[in-house]
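Please open the structure in a viewer and keep the sequence at hand. The tour below proceeds by selection, one stop after another.

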Amino acid sequence: MALDQSFVGRTYPPTAPYEVGREKIREFAEAVGETNPVYTDPEAAKALGHSDVIAPPTFVFSITFRAAGQVIQDPQLGLDYSRVVHGDQKFAYARPVRAGDRLSVTSTIEGIKSLAGNDILDIRGEVHDEAGEHVVTAWTKLVARAAEEA
């Protein structure tokens, strides 16, 4: 059953703040094979003008995808998550994510379309710090695969 088009434009409440930790950044950098010291060494980051280590660009996915859970779990939307695959991911940064940031995400359904029986859901996550400064916008595309014929 196709997702309801009337959900396009629906915005969900901001998440509780997520505190970005230096150790989480280091762990993430190691997991994705990033060796740039700006991600692990505070002095290297400060030498480049940052107040502390910064996160690799894809680090914010873990925060924005958790926030997208509000959309995914909305019973009114009716998304069958057991059929979902991750279709695409994009980021547009206003500034890097830094250790010590407390970030909140507001998720909005930007698009819903059906294609060959698959539902395609586009979610935009606006990430702001505690002062309300825009940090990054993330776009997540989810594809709910069509049910298999019996």
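## A salt bridge across the chain

Begin by selecting D74, which is buried, with a relative accessible area of 10%. The model under view is a predicted one. Next, add R10 to the selection; R10 counts as partly exposed, at 31% relative accessibility. The side chains of D74 and R10 meet in a salt bridge, at 3.4 Å from N to O. D74 lies in the loop between α3 (61–72) and β2 (84–93), while R10 lies in the segment before β1 (18–19), so the pair ties together parts that are 64 residues apart in sequence. A search of the whole structure finds twelve salt bridges.

## A salt-bridge network

Now select E133 and R95, which form a salt bridge whose closest N and O atoms are 3.4 Å apart. This pair links distant parts of the chain, 38 residues apart: E133 is in the loop between β4 and β5, and R95 is in the loop between β2 and β3. Which of the terms buried and partly exposed applies to R95? R95 counts as buried, at 8% relative accessibility, and E133 is partly exposed, at 38%. Extend the selection to D101 and D129, since a network of salt bridges links R95, D101, D129 and E133.

## Strands β3, β4 and β5

Select strand β3 (residues 102–115) together with β4; the two run antiparallel and are joined by eleven bridges. S104, for example, has H128 in β4 as its bridge partner. β3 and β4 form a hairpin with two residues between them, and A116 in the turn has a positive phi of about 55 degrees.

Then display strand β5 (residues 134–144), which runs antiparallel to β4 and is joined to β4 by ten bridges. Here the bridge partner of G125 is A138 in β5. Five residues lie between β4 and β5 in this hairpin, and G132 in the turn has a positive phi of about 90 degrees.

A salt bridge also spans these strands: select D122 and K141, whose closest N and O atoms are 2.7 Å apart. D122 lies in strand β4 and K141 in strand β5, so the pair ties together parts that are 19 residues apart in sequence. K141 is partly exposed, with a relative accessible area of 26%.

## Final stop: D119

Select D119, found in strand β4 (residues 118–128). What is the nearest side chain of opposite charge to D119? That side chain is R83, 8.8 Å away; D119 is buried yet has no salt bridge. The side chain of D119 does make a polar contact with the side chain of S114, at 2.9 Å.

Terms used
Residues are numbered from 1 along each chain as its sequence is written. This is a predicted model: local features need pLDDT of at least 70, side-chain atom pairs count only at pLDDT 80 or more; totals for chains, interfaces and linings use all residues. Side-chain values use heavy atoms; hydrogens and water are left out. Helices (H or I, at least four residues) and strands (E, at least two) are DSSP runs, numbered from the N terminus. Buried means under 20% relative accessible area, exposed over 50%, partly exposed in between (1.4 Å probe, protein chains only). Lys and Arg count as positive and Asp and Glu as negative; His and the chain ends are not counted. A salt bridge is a side-chain nitrogen of Lys or Arg within 4 Å of a carboxyl oxygen of Asp or Glu. A polar contact is a pair of N or O atoms within 3.5 Å; within protein, one must be able to donate a hydrogen and the other to accept it, and residues adjacent in sequence count only if both atoms are side-chain atoms. Two strands pair if DSSP finds at least two bridges between them.
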